[in-house]
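Trainee: I am new to this structure and would be grateful for a close look at a single part of it. Could you begin with one residue and then set out what surrounds it?

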Amino acid sequence: MNKDTKIKNPKIMKRSIFTIVFAVVLVAVIITANIFATTLAQKAPTTIDLTADDSNTLTPENIDFIKSVDKPVEIVICATREGYTGSEMTNYVYSVYYVQENATPDNYFNQTVTLLETYPKYNENIKITYVDPQSPKFKELESNYEVDIAYGDILVRCTRPDETGKETTYESVITFEDIYELYDASQGQGAMYGGYTTYTITASNIESEVSSAVFTVAASGKKKVAILTKHSTKDSYLALTKALEGYNFEMLELDGVISEETLKDIDTVLLSSPVSDISAKELEVLDKFLDNNGKRNKNFMVFGSTSSPATPNLNEFSSLLLAV
């Protein structure tokens, strides 16, 4: 490396806020969880387990997020409470998804309702509503929403001012397949012998899915994330873009040189599986970006890979910041 490409003054970077993650395998789901955690103060895990004593509760980090919601949010369950927690739901998922789940007090559907009904206990801005699919209100929901809403879906919505100040209703639908992780109980034998595959539920994503939806509909304005495409592996950032767009992030590709002008309206800069090092001049720009005139409210996230080449400048930059 030529001398003029190296970092000449390490002290200029010691005031910055920097988040760096090195991963052996880059997976879109992991990336999503890490980025989203930054916004939601490291909230919920991806799944929650069903314990024998039915003791599942919201995570402490998620409770902190729920308490911070300052807009009116309605969580609409497209079923009656008795139907979702009883045989109506178990019969429905068996006939539609071939999912076998017992209609017992400690099944996954009861777990979902119990957890959802915890949200309003921490914030009066959040309310839970059950809508009977046979009722006129459900027909109204179907007519007002652009996509189909099925039995058992969860609709999260919030009416708040948009960027122009106009009152607008934002909505997000969570489906059965979003919430529950399924396992092929027949291990492929059903389809092999001309029958159909049956599934069992192995995990629930209800906490992360609902809190993600609450954030999406209640957050004022999208957070802008700039991906350093010139320095990133294409496959990794394309997967990342797809994963994050559903979480109210606006994903932008930054292919040119990093400058103060190109980062002017950006909230987070992201580097995914580096294919090249970042110059000392660009790192100085990133340092100013992170400091943001003393506000220190910006983020720089790096997801590394064992296949990446040597990045001495980036390594030195991160080590200086982590030493602060």
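**From one loop residue to a helix pair**

Mentor: Tyr98 is partly exposed, because its relative accessible area of 36% falls between the limits of 20% for buried and 50% for exposed. Please keep in mind throughout that the model is predicted. Tyr98 sits in the loop that runs between helix α4, residues 87–97, and helix α5. The backbone at this position deserves attention: Tyr98 is not a glycine, yet its phi is positive, at about 60°. A second residue may be set beside it. Asn292, also not a glycine, has a positive phi of about 50°, and its place is likewise a loop, the one between α12 (280–291) and β11 (299–304).

Let us now follow the chain from the loop of Tyr98 into α5 itself. Helix α5 covers residues 108–116, and it packs with helix α10, residues 206–218. The two axes are 10 Å apart and form an angle of about 40°. This angle lies above the 35 degrees that bound the roughly parallel class and below the 65 degrees at which roughly perpendicular begins, and α5 and α10 are therefore described as oblique to each other. The crossing of α5 over α10 is right-handed. On the α5 side, the contact is made by Thr112, Leu115 and Leu116, and on the α10 side by Ile206, Glu207 and Val210. By character, the residues of this contact divide into four nonpolar, one polar and one charged. The charged one is Glu207 and the polar one is Thr112.

Other loops and one further helix help to place this part in its setting. Asn123 belongs to the loop between α6 (119–122) and β3 (126–130). With a relative accessible area of 8%, Asn123 is buried, since the limit for that class is 20%. Leaving aside residues up to four places away in sequence, Asn123 touches Ile66, Lys67, Ser68 and Val69.

Lys230 occupies the loop between β8 (223–228) and α11 (234–244). Its relative accessibility is 36%, and Lys230 therefore counts as partly exposed. Beyond its sequence neighbours up to four places away, Lys230 touches Leu254, Asp255, Gly256, Val257, Val275, Ser276 and Glu282. One of these partners can be followed further: Gly256 is 26 residues from Lys230 along the chain, while their C-alpha atoms are 6.8 Å apart.

Pro312 offers a comparable case within a helix, α13, which spans residues 312–322. Its relative accessible area of 41% makes Pro312 partly exposed. The C-alpha atoms of Pro312 and Asp277 are separated by 7.1 Å, although their positions lie 35 residues apart along the chain.

These pairs may be read against the chain as a whole. Among contacts between residues at least 6 apart in sequence, 74% join residues at least 24 apart. The protein chain contains 13 helices and eleven strands, and 46% of its 324 residues are buried. Its accessible surface comes to about 16500 Å², and carbon and sulfur atoms account for 49% of that area.

Note on methods. Residues numbered from 1 in each chain as written. Predicted model: local features only at pLDDT ≥ 70, side-chain atom pairs only at ≥ 80, totals over all residues. Heavy atoms only, no water. Axes fitted to C-alpha atoms, helices over the stretch in contact; angles between N-to-C directions. Helix = DSSP H or I, 4+ residues; strand = E, 2+ residues; numbered from the N terminus. Parallel < 35°, antiparallel > 145°, perpendicular 65-115°, else oblique. Left-handed = near helix turned anticlockwise from the far one by under 90°. Contact = heavy atoms within 4.5 Å. Buried < 20%, exposed > 50% of the residue type's maximum accessible area, 1.4 Å probe, protein only. Areas by Shrake-Rupley, 256 points an atom, 1.4 Å probe, with all protein chains shown as cover.
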